[in-house]
Amino acid sequence: MASEDSSEWVLEKIQIDSMDDLPIDDVIKPDSPGKLKRRTSSLKKRNNQVQGSDRRMGRMESGAKKGLMSLRFLDRTTTGKEEDAWRKIEKRFPENAVDGRLYKDKFGVCIGLGDSKEFAGELFEALGRRRNVETKDGITLQQLREFWEDMTNQDLDTRLHIFFDMCDKNGDGKLSEDEVKEVLVMSASANKLSKFKQHAPTYASLIMEELDPDQKGYIEMWQLETLLRGMVGTEEVKTSCKKTHTLARTMIPKEYRTPVSKFLSKNTEKFYDYWKRLWVLTLWLCINISLFTWKFNQYKHRDAFQVMGYCLCFAKAAAETVKFNMALILLPVCRRTLTKLRESFLGKVIPFDDNINFHKLIALAILIGTAIHILMHCSCNFVRLTSCPKNQFDSIFGPAFAFHQPSYLDLAGTTVGVTGILMLIIMLYSFTLATHSFRRNVVKLPWPFHHLAGFNSFWYAHHLLALVYVLLIIHGYFIYLTREWYKKTTWMYVAVPMLAYTSERILTLYDRNYKVDIIKAVIYTGNVLALYMSKPSGFKYRSGMYLFVKCPDISNFEWHPFSITSAPYDDYLSVHIRTLGDWTTELKNRFAKACEQSSKPGRGNLVRMETKAYTETPQEFPRIFVKGPYGAPAQNYKKYDILLLVGLGIGATPFISIIKDIVNNESRSVLTADDPFGGKNGPERAYFYWVTREQGSFDWFKGVMDDIAEYDRNQVIEMHNYLTSVYEEGDARSALIAMVQSLHHAKNGVDVVSESRIRTHFARPNWRKVFTNLTSAHPSTRIGVFYCGSPALTKPLMKLCQEFTMNSSTRFHFHKENF
């Protein structure tokens, strides 16, 4: 077998057990011999025809050729399904063709490259030149089929010819600097790289400098091919060093060989992951069921049961659970108390990270209990009460109603009825605005009601629930069937939680409420405002915590949570705020007025503050107050051996503080005793994956990325930046960008995409591959997986954590940030 196709195998674990006819479906098979066959590039024939070529660079017949086989003009999802894709193109052809002919401006839409119109146009012209087709008159369906066959041809040389023809528009076999620049501009447009597009002339000069050392003013096609091959070959050397297969993954462990043992093993692992949540939920459910059963049986033996029957039992039992849950729902939102409890022994047995989810679950239980209570009363109890015989009413209900049998409307107009209706209206209003669609402003309401959607509406509507508690106490005190005050238990349920919550709210108005000075404000592309503030005396926090920010110039009552992006040992506080709502937009606008356009280039260091648009004149800034810090899942990162930090877009903010803290500790040799919270010194290694769709996002934390490259001498941190707007490596639309990236980084040590010293990957990460590499590199370790970003990625990451925990000796613990 050829050397480039060989793999290194490490026997990690093997267990021999007696078994017969065990099918193994996942055994890794070697490449078929057909893949090892070499073909001489037809470009050699073309190169021999080029005149004036007095030097030749050797053709690389290594694994680079196999790497370049991935060069393609369509998305990877189309590979292997060309016929299915062609049938879709046939259906789109009549929609985009005019008089049976497809023109250049509709070519991209027809073949599925509608988001790369300029690239598709150049590809259309190159394919026309290749087929000697006059493309200005359009092409027929048959000609489109021929174009499609060229694009999807499995032969490497065919695809390389097409790619080179796109670059070499006049077909002379030479590329001038202007032609290189045009192709770079086209690639930058297709990949939404505005900064790269601005520097295209510089990068074109870089390519000419590399391939035209004799300053002939042009480069030849075979030279460009060699550079592409060399780039792929270099990358292959890097990846081949990491290419390790573990034989244990291809064998079936003993505990998974029978359905029963597999079921027990999987559920044991799930119990290990969820035991904290399970015992809390079990306790909560048991209390609700016990209260419901107790009250149900109690009213079965009351005289009123003779008239109202089981409707009364269900109404009263549901009301009992509502009272309990109305008391309990306040506790998960006592942030100040929870932050302290996280650090106590209770943090080991209670999942405080799930406080918001538990709060939502209790709210759902209140909604269900309220619905049962109202349904039983309105559809059954009230009807039977008003229609029962007068003598029976007087004997059972007479003292409660002064021996006057009420009508249905009379019952609705009593204190109990009015308070119940008011509570229902307020609760429905508050619960509706707390749903994801309203709170995140997903719902687009017409003009008179558009202010009902958004965080502000959710925040103010939630404060109306204070009135619900007052109405609940009144409602419970004036109930009909219970006359003794000590049996009216509503106030007993809610008194202590209300007092605790109110006390915390009052204390937080004065305690840990700081007026800070703005050191600097920075406005980045992507509508991100970075605030660098003075650090209040005694403000101690852990990396991963968050604080609340208030701007009295906008509102005296609104506090908004933001992750702290500075490290605990920095002498300043910083937050990065993305404008997603009315308040954040207004805050950014007010600081924008105080900022002036400037740029201060420089290398990153531990106290470096990135600048784009900034000002350092404190009297011009709006007033800012901060409150906190408060606990978050990421603050406990030090208890893990290895970290996997995953941030999407602005979701990187909780982890920036962690990364800076690790770099600071490594650089300054900070000992564990210096940690104000105590704990171990830190993880052995941290992997940070930052995925964003905008090139300008890298400006937010460019200084941090440079610090990692400069100060992380022990390579504790491994950072991976992913830009999803760029097509994945191997796509022809990003091929030249990858080439420039490789050349520029090798020469200057700076990435052309992020403009930092950390190289950027294209498209999205292969998360399964990430977990596979972690499992191979860190067997028998505890890996903390911390995620902050879109909910769409939460379940895939959680499932991967569970899968790899069950199938390997590595334990993955998943945590998601909640705000």
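## Salt bridges in helix H14 and beyond

With a relative accessibility of 12%, Lys-323 counts as buried, because the cut-off for burial is a relative accessible area under 20%. In this model, which is predicted, Glu-320 also counts as buried, at 2% relative accessibility. The side chains of Lys-323 and Glu-320 meet in a salt bridge, with a distance of 3.1 Å from N to O. Both Lys-323 and Glu-320 belong to helix H14, where they stand three residues apart, about one turn of the helix. An α-helix has 3.6 residues a turn, so residues three or four places apart point the same way.

Glu-320 takes part in another pairing, since a salt bridge also joins it to Lys-295, the closest N and O atoms lying 3.6 Å apart. This pair links distant parts of the chain, with Lys-295 in helix H12 (residues 259-300) and Glu-320 in helix H14 (residues 310-328), 25 residues apart. Lys-295 is buried, as is Glu-320.

The structure holds 20 salt bridges, and one of them pairs Asp-570 with Lys-660, whose closest N and O atoms are 3.5 Å apart. Here too the pair links distant parts of the chain: Asp-570 is in the loop between strand S9 (560-563) and strand S10 (572-578), whereas Lys-660 is in helix H25 (residues 653-668), 90 residues apart. Both Asp-570 and Lys-660 are buried.

## A salt-bridge network and positive phi angles

A network of salt bridges links Lys-195, Asp-699, Lys-702 and Glu-755. Glu-755, a member of this network, is found in the loop between helix H27 (735-748) and strand S17 (760-762). With a relative accessibility of 25%, Glu-755 counts as partly exposed, and its phi is near 60°, a positive value in a residue other than glycine.

Asp-99 likewise has a positive phi, of about 55°, although it is not a glycine. The residue lies in the loop between helix H3 (82-96) and helix H4 (104-111), and at 78% relative accessibility Asp-99 counts as exposed, because the limit for that class is over 50%.

## A cis peptide bond

Gly-628 and Pro-629 are joined by a cis peptide bond, with omega about 0°. Pro-629 is part of strand S13, which covers residues 624-630. Most residues other than glycine have a negative phi, and most peptide bonds are trans.

## Helix H7 and its burial

The twelve residues of helix H7 (residues 156-167) should span 16 Å at 1.5 Å a residue, and the end C-alpha atoms are 17 Å apart, which agrees with that expectation. The expected span is 1.5 Å times one less than the number of residues in the helix.

Helix H7 is mostly covered, with twelve of its twelve residues buried. The buried residues of H7 include charged side chains such as Asp-157, Arg-159 and Asp-165, and among them are also Leu-156, Leu-160, Ile-162, Phe-163, Phe-164 and Met-166.

## Contacts of Asn-381 and Arg-335

Asn-381 is located in helix H16 (residues 355-387) and is buried, with a relative accessible area of 1%. Not counting residues up to four places away in sequence, Asn-381 touches Met-308, Cys-311, Leu-312, Ala-315 and Met-376.

Arg-335 lies in helix H15, which covers residues 335-342, and is partly exposed, with a relative accessible area of 29%. When its neighbours within four places in sequence are left aside, Arg-335 is in contact with Glu-504, Tyr-546, Phe-548 and Tyr-630. Arg-335 and Thr-508 are 173 residues apart in sequence, while their C-alpha atoms are 9.7 Å apart in space.

## A nonpolar surface patch

Leu-467, Val-470, Ile-473, Ile-474, Tyr-477, Phe-478, Trp-485, Tyr-486, Trp-491 and Met-492 make a nonpolar surface patch of about 970 Å². The elements that give two or more residues to this patch are helix H22 (465-477) and helix H23 (490-510), and the largest share, five residues, comes from H22.

Met-492, one of the residues of the patch, has its place in helix H23. Met-492 is partly exposed, with a relative accessible area of 36%, a value that fits the patch because its members must have over 30% relative accessible area.

Conventions: Residues numbered from 1 in each chain as written. Predicted model: local features only at pLDDT ≥ 70, side-chain atom pairs only at ≥ 80, totals over all residues. Heavy atoms only, no water. Patch = residues over 30% accessible without salt bridge, like charges linked within 9 Å, V, L, I, M, F, W, Y side chains within 5 Å. Areas by Shrake-Rupley, 256 points an atom, 1.4 Å probe, with all protein chains shown as cover. Salt bridge = Lys/Arg side-chain N within 4 Å of Asp/Glu carboxyl O. Helix = DSSP H or I, 4+ residues; strand = E, 2+ residues; numbered from the N terminus. Buried < 20%, exposed > 50% of the residue type's maximum accessible area, 1.4 Å probe, protein only. Contact = heavy atoms within 4.5 Å.
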